[in-house]
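User: Please take a close look at one part of the structure shown below. After that, go on to what lies around it, in plain terms.

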Amino acid sequence: TPRGRAQAGRPGVVRGAAPEHLRLRAVDAYYRAAGRHAVATLLRLGHRPERIAYLMPAEKLVGHAEAAAGMAAALGPGERPVRVVTMPATPAAQGTALDALWLERPPTALVVHRPLQSLTILTHLTRRGVSVPEQVSLVLLDDNPVVSRLVPEPSRYQKDISLFSSQLRRSLEQAMAGRISAPRGVRIIPELARGGTLAPPPAAAAA
C-alpha cells in the first residue's frame, strides 16, 4: 500500500492524490483548479454561491478536499460558501440525500465529483420533475466515457489522458531507477467540456 511503502522508505508512485505526510510521488488531476473554475463559471452565469451544492463523495480523499478548497477560493470576501453535501455510496441513499437537499432551499447548480454518480442524479431529478439545465445546472469534476451517452450530455472536466499517462510512466521509471530525490505531486489541469448541462439559473431563483 502507499502508506506501507512510505513507512518502509521504499520508492513508490500513487495514481491519484496522496497526503503530503506519506512522502510519495503522486500523479493526479488538479481538482483544486477544476473546483475553482467550476464555481467561477457558475457565478458568471448568475448562480449565487449559497445556491450551488458540491456533492462530495463520502470517502475522505485528498482530491475531494482539494476540490472544496478550490471552490472556496473562487469566492470573494464576505460571500456565502458553496454548500457541501456528503453523498452516500448507494444509489438509493444518494436519492435520499438529493430529496433532503430539495426540501431545503433547492439548489440552482450541482457540482458532482464522481462522473458515474451523475447517472443516479440525472435519473432521480427526472423522476422528481426537475429539468436539467433549465431548473438546475450540473457540472462534473471528472470524466468517464459512459456519461457521453447521457442526454443532455453532462458538462465536465477532462484531463489530457496522454499527458497523464506520460507523467505517470515517467514517475514510475524514475522511482524504479531510484532517481526520485524528493516527493512531488504532479497535477494535470483538466479543461471544461461544456456539454449541455450548464445554464443561467431560473429567473425566479436569480431574483
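Which residues does R83 touch, not counting residues up to four places away in sequence?

Analyst: First, how the values were obtained. This is a predicted model, in which local features need pLDDT of at least 70 and side-chain atom pairs count only at pLDDT 80 or more, while totals for chains, interfaces and linings use all residues. Residues are numbered from 1 along each chain as its sequence is written, and side-chain values use heavy atoms, with hydrogens and water left out.

Leaving out residues up to four places away in sequence, R83 touches P49, E50, R51, I52, A53, Y54, L101, E104, R105, P106 and P107; a contact here means heavy atoms within 4.5 Å. With E50 there is also a polar contact: a polar atom of the R83 side chain lies 3.2 Å from the backbone oxygen of E50. A polar contact is a pair of N or O atoms within 3.5 Å; within protein, one must be able to donate a hydrogen and the other to accept it, and residues adjacent in sequence count only if both atoms are side-chain atoms.

R83 itself belongs to strand β4. Strands (E, at least two residues) and helices (H or I, at least four) are DSSP runs, numbered from the N terminus. Strand β4 is part of an open sheet of six strands with mixed pairing, in the order β4-β3-β5-β6-β7-β9. β4 (83-87) and β9 (191-193) are at the edges with a single partner strand each, so each has one side without a neighbour in the sheet. From one strand to the next, the twist averages 25°. Two strands count as paired if DSSP finds at least two bridges between them.

Helices lie against this sheet. α3 lies across β3 and β5 and runs at about 165° to β3. α4 also packs on the sheet, where it touches β3, β4 and β5, and its direction makes about 155° with that of β4. For such angles, axes are lines fitted to C-alpha atoms, for helices over the stretch in contact, and values run from 0 to 180 degrees between N-to-C directions.

Salt bridges come next. The whole structure holds seven of them, a salt bridge being a side-chain nitrogen of Lys or Arg within 4 Å of a carboxyl oxygen of Asp or Glu. Side chains of opposite charge can pair when their charged atoms come close. One of the seven involves α4: the side chains of D99 and R128 meet at 2.8 Å, N to O. D99 lies in helix α4 (residues 91-103) and R128 in helix α5, so this pair ties together parts that are 29 residues apart in sequence. D99 is partly exposed at 26% relative accessibility, and R128 is partly exposed as well, at 38%. Buried means under 20% relative accessible area, exposed over 50%, and partly exposed in between (1.4 Å probe, protein chains only).

Another salt bridge joins R114 and E59, at 3.5 Å, N to O. The two are 55 residues apart: R114 sits in the loop between β5 (109-112) and α5 (117-128), and E59 in the loop between β3 (52-57) and α3 (62-73). R114 counts as partly exposed at 29% relative accessibility, and E59 counts as partly exposed at 36%.

Further along the sheet, β6 (residues 137-140) and β7 (residues 155-158) pair in the parallel sense over two bridges. V139 has S155 in β7 as its bridge partner. A salt bridge is found here too, between the side chains of E153 and R156 (2.9 Å, N to O). E153 is partly exposed at 33%, whereas R156 is buried at 4%. Together with D143, these two residues form a network of salt bridges.

S148, in the loop between β6 and β7, contacts both E153 and R156 when its neighbours within four places in sequence are set aside. The S148 side chain has a polar atom 2.7 Å from the backbone oxygen of P145. S148 is partly exposed, with a relative accessible area of 33%. Its C-alpha atom is 8.8 Å from that of G195, which is 47 residues away along the chain.

Two peptide bonds deserve a note. Most peptide bonds are trans. The bond from V151 to P152 is cis, with omega near -5°, and P152 lies in the loop between β6 and β7. The bond from V132 to P133 is also cis, with omega near 5°; P133 is in the loop between α5 and β6.
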